[in-house]
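Grab a pencil and work through these exercises with the model open beside you. Try each task before you read its solution.

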Amino acid sequence: MTTTAPRTTSLGVLRARVMKLAERVTTPLVPADYLDVIDPLRSGADLRGRIVALHPETRDAVTVVIKPGRGWRGHTPGQYVRIGIDVDGVRQWRAYSLTSQTSRPDDCITITVKAIPGGTVSNHLVGRATVGTVIQLDQPAGEFTLEGHEPAKILFVTAGSGVTPVMGMLRNMTDQHRDVTVVHSAPTAGDVIFGEELRTMARRGRIRLVERHTDTDGVLDMETLADLVDDFATRQTWACGPAGMLDALEARWDAAGIADQLHTERFRPTMITAGDVGAVTFAKSGTTVDAEASQTLLDTGEAAGVLMPSGCRMGICFGCVAPLRQGAVRDLRTGDITTASPGDNVQIQTCVSAAAGTCEIEL
């Protein structure tokens, strides 16, 4: 009896041989690197997106329209997404609320970004980002959503860019949500992100909108809020904004015995102090060592017995790239400081970076 191997097996073997040959020819890159250039949004690649439009919202806020790659799993209104974007040659990661409808015909998603003083990524997106830029994406995350809740009466309390996750919810609400009050605080009417859209929703009876313009009305306090929304205790409330506002809301709701009716979203502040020396933690190996300001992280790790990836000594650049999980490092070539908070995972070159204070590396 003669047995013939399935044609698919032969093709699989041939494909594997071709890929192996291609890897040898293209070293130090691999074929996938070239496919990423041709089709960065392809299936099987790291999840990416392409900026396809930029829409100004206010003088310092912009909506970024992103076409996600084919691995995007969709989001629940109110969630956020972490994006990775290269700013001046450094991959920076930040989280932004998703503001788009979940069923856009073009399958795009949107984030709305407000520039903040000293904000590396926010200022880049608002003032320098261009259509066509490819960015890294994580899958959506976050529990600041209406999922699992069917309240008869809803209150949204927001300030500044805190309105962004709420707009994601409002744009996706069905007609069953008839009693929705939105209290929003901003310096002036012109500073209200999505101002015209919110006012249109109010005119059409979809929401009751209360705007508080702090330049003329003063800061929104809890006594004023109680006057503006006298039935707040009967409403499920979602709030997002500055820490002080959220602290005051939590104290008031707790005092009223309705803490379980308040849902908050806090934007994580970045509080990192750079210095000349610091302890470096290599997370995977569990090694922590004090480093000198002039010593590269590559040398620091090797001296501590950490297995450090590196192609520099063989002429292969970027073989030493690793994620900075948190802390601060200094580029020894330029003196530039790069910082990361937990979850950012900024990619750095360990062969040209030194500790600029306490930091943690994903190695």
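Before we start: axes are lines fitted to C-alpha atoms, for helices over the stretch in contact, and angles run from 0 to 180 degrees between N-to-C directions. Helices (H or I, at least four residues) and strands (E, at least two) are DSSP runs, numbered from the N terminus. This is a predicted model, where local features need pLDDT of at least 70 and side-chain atom pairs count only at pLDDT 80 or more. Residues are numbered from 1 along each chain.

**Exercise 1.** Work out how helix α4 packs against helix α5.

Step 1: α4 covers residues 163-170 and α5 covers 195-203; their axes lie 12 Å apart, at an angle of about 45°.

Step 2: That angle makes α4 oblique to α5, because under 35 degrees counts as roughly parallel, over 145 as roughly antiparallel, 65 to 115 as roughly perpendicular and the rest as oblique.

Step 3: Now find who touches whom (contact means heavy atoms within 4.5 Å). α4 brings Val163, Met167 and Leu170, while α5 brings Glu197, Leu198 and Met201.

**Exercise 2.** Put the five strands of the open sheet in order.

Step 1: The order reads β9-β8-β7-β10-β11, with parallel pairing. Two strands pair if DSSP finds at least two bridges between them.

Step 2: At the edges sit β9 (208-213) and β11 (262-265), each pairing on one side only.

Step 3: Zoom in on β7 (153-159) and β10 (236-240): five bridges join these parallel strands. Here Leu155 stands opposite Thr237 of β10.

Step 4: Finally, add helix α8 (243-255), which packs on the sheet and touches β7, β10 and β11. The direction of α8 makes about 165° with that of β11.

Technical notes
Heavy atoms only, no water.
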